[in-house]
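This report describes selected strand pairings and aromatic contacts. The sequence and structure are shown below.

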Amino acid sequence: MNNGPDLSRHEHPLRLSVPPSPCVVRPARELPPPSSCTHKFLGEMDADAGGSSAITPDAGAETREVTGKNVVVILVGPPGSGKSTFAEAVLAGANTGRPWARVCQDTIGKGKAGTKIQCLKAAADALKEGKSVLIDRCNLDREQRADFLKLGSTVQADVHAVFLDLPTKVCISRSVSRTGHEGNLQGGMAAMVVNRMLKKLETPLLTEGFSRIMFCKDDDDIKQAVDMYCALGPSHSLASGVFGQKSKGPVQSGITKFFKKADTSSVEKSSGTKLTSSERKPGQKNPLSKQENLEAGGTCSMEVEKKLNNMNGNEERSKQIVPADINSSTLAFPSISTADFQFDLERASDIIVDAATEFVQKHDNMRLVLVDLSQKSRILSLVKDKAAKKSIDSSRFFTFVGDITQLHSKGGLQCNAIANAANWRLKPGGGGVNAAIFNAAGEGLQHATKECADTLRPGSSVTVPLPSTSPLRQREGVTHVIHVLGPNMNPMRPDCLKNDYTQGCKILHDAYNSLFENFASIFQSYTGKQNDETSSKKSASRVISPTDSKMKREDSHDSERTKKCKLPPPILTSRQHQERKGTSTLNYHDNTMVPSDAPSQAREEGSKRNGAVTNKSWGSWAQALYEVAMHPEKYKNSNSILEVSDELVVLKDLYPKAKKHVLVISRTDGLDSLADVNKEHLSLLRSMHSVGVKWAQKFVEEDASLIFRLGYHSQSCLSWLLQVPSMRQLHLHVISQDFNSPGLKNKKHWNSFTSVFFLDSLDVMEEIDQHGSAAISSDEKLLAMELRCHRCRSAHPNIPKLKSHISSCKSSFPAHLLKKDKLLSASTFSMDCT
DNA sequence: GTTCTAGAAC
DNA sequence: GTTCTAGAAC
């Protein structure tokens, strides 16, 4: 609650905080009289906010002086909070002659990932030119802001913070649904990023060195702040202090709170139509439709939120007739791939109707329900029309408007199973149906899902029995969730089919077939053993892939593969097997590390089935580390293996990128990359780290000039889809920082060890300890970045020139590496010994 | 992951 | 003409 006097929204902000003095150049447009509401605005200040240095209202009113100082405005806010919109609005609206520059990290890299250093330099340059600067990056924590504050104080500029403190759900919704974002952050990844970033939020304080902090909680605040900076004359300075902090409540952060507040809002699908109040059911708060999100993102309008909030309370629950059929098993499913994945609605509706027709003809005691949250859902009406034209039995297949997680409690529709429009990692998040279902089902669904499969390929599905404790089971009577993944036609996502609807339609059809087949499988298993959860779990928790739905009964013995659907088995040709016979030498390239007794036929069959849709598999070369980890004994005579334990193998990298480069490989099956690691693996990571340190120490003792760094490649969750090459099996690089090796040949090699693509082992452990997963960068641009020296950061045109430079560069390493012992050198170890 | 090689850059 | 990169093939 706002305890201060009401802020007059209609009066000009400059007048509110800056009473003009005779020598002030008045902005071109007419300003209201100066004195009327100064107190009002300053009365908004929270004297406690920002620590003890928050100034009193009167002091604030008196601080205005003609200084001619430049201003550094540090925008603070997560993606989607409107920082860029703010900065652009100031640039466009400034009308007093004060020159402004926007320093934007998203664009400063000119297509490549921008850095803080680039921003600092640009800001310094602009300040030198006499411009005031808007720092357009997230600046969420003190450390991120500190350098800009320092820069400001160095040039004696006023440093302000404008904190775009909007509701988390708004930022997530906007960043998820925007397109064409300068930093390429949008779609499902954006929700994750916003959520993660907000965990790091540290509210700006005057004690950091700001002369002024302004909180913008909504559209009006933003507009006021923009107007104020637009009207800030060259010789004006704004009052010091904290303004606009209206609530002392905890800062809302994270998607969890988002869902607690609006647990059904994110189920909204892209319907292509605007929502009206009548489309909402009681209790649904903040229903942000995709369409509205886009509008909100595009115009930075907070009106959306208000409008949506206003919808609550006077909505009427839509009356729907649910065909009663207590003898049928019911599957409720959302439209797959049409929202985030932008699949054409016409085509999608044809596919849904075709697949459903086929299904209901085959199974007369099961029914399918297409569900969408919006009554005006276009996909729903298309399907409805097409199903009617095909004369499908409407008691077996029908559409339903409602929240898929509350069909029984709110809609009176009892469903045995619900389908989830999952992501390929089968993890919560994303802000849509997926997030809503994981949220509604409770944590049990995550655990149950993990037992069934780790990942999902486009066109396939996996059935997960809900634990008896799941609220979704207890409240809604849903016994199974079937995760299904369709094709992606969204160019802003990394695995886009680029308008290839031939392939897209096939995958979508496969996805529905797989979903329906899995549903049928549950029912069949339940006819005999309705109360045997274990049994049903075993039979139901299978992944049905696009082409194996027809052969699922034939390969039911193949339990291991269906349990871990993530990895198509290595693709080995018969020639490779022949050539490989009897050999177990270490060689990534021709894959001779794969044991010669590999069950080749089964693998080939498996690869055909699994590779049918996307052909995205671990190439044979990528299996090498896995083979070493699983069967180190086969390579015991190789001098490449340095150490073997139950937990790990230490291997000399066969293509070292530095004088000393070894890999500490985990031997845990299924731990393919950092994306698979969670808190349970912390002790393994610690073991890997300490073994890595031990080897680094050994090498340093042999050659005291060596300096080591320990870390993991950012094998992101998207790498599989992006086909970014990587070696399967989690491995820690222990690499000397000379990078003096013929094995280091190209930009990708260099950047994979010297950009943020390389994640320090210490950071990874800390991240996992704190967040349960590593913050993996998914930006493929990282590996294509310009070549810069890892020590002095100088740029070089090509690898030979870079190599020449690094052979003699003696600059100190970047500060972030010098901290926390991320670099291991002779001094590190001698210190340890003393 | 590497190797090979066409073609761009110098 | 030589060097180097980047994409295809493995």
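## Strand β4 and its neighbours

His-160 has Arg-212 as its bridge partner in β5. The model in which this pairing occurs is a predicted one. Strand β5 covers residues 212-216, and 5 bridges connect it in parallel to β4. Strand β1, residues 71-76, also pairs with β4 in the parallel sense, over 6 bridges. Within that pairing, Ala-161 of β4 is the bridge partner of Ile-74.

Strand β4 spans residues 158-164, and 7 of its 7 residues are buried, so the strand is largely enclosed by the rest of the structure. Asp-158, His-160, Val-162 and Leu-164 point one way from β4, whereas Val-159, Ala-161 and Phe-163 point the other way.

## Aromatic pairs

The count of aromatic pairs comes to 15. In one of them, the ring centres of Phe-333 and Tyr-512 are 5.8 Å apart and the planes lie at 70°; because an angle over 60 degrees counts as edge-to-face, the pair is assigned to that class. Phe-333 belongs to strand β7 (residues 329-334) and Tyr-512 to helix α20 (residues 501-528), so the contact ties together parts 179 residues apart in sequence.

Phe-333 has 0% relative accessibility and therefore counts as buried. Tyr-512, at 0% relative accessibility, likewise counts as buried. Both rings belong to one aromatic cluster, formed by Phe-333, Phe-359, Phe-397, Tyr-512, Phe-516 and Phe-519.

## Charges over rings

Arg-212 lies over the face of Phe-243, at 4.0 Å from the ring centre. Arg-347 places its charged end over the ring of Tyr-501, 4.0 Å from the centre.

Technical notes: Residues are numbered from 1 along each chain as its sequence is written. Chains are lettered from A and ligands numbered from 1 in the order in which they are written. This is a predicted model: local features need pLDDT of at least 70, side-chain atom pairs count only at pLDDT 80 or more; totals for chains, interfaces and linings use all residues. Side-chain values use heavy atoms; hydrogens and water are left out. Buried means under 20% relative accessible area, exposed over 50%, partly exposed in between (1.4 Å probe, protein chains only). Helices (H or I, at least four residues) and strands (E, at least two) are DSSP runs, numbered from the N terminus. Two strands pair if DSSP finds at least two bridges between them. Rings of Phe, Tyr and Trp (its six-membered ring) pair if their centres lie within 6.5 Å; planes under 30 degrees apart count as stacked, over 60 as edge-to-face and the rest as tilted. A charge sits over a ring if NZ of Lys or CZ of Arg is within 6 Å of the ring centre and within 35 degrees of the ring normal.
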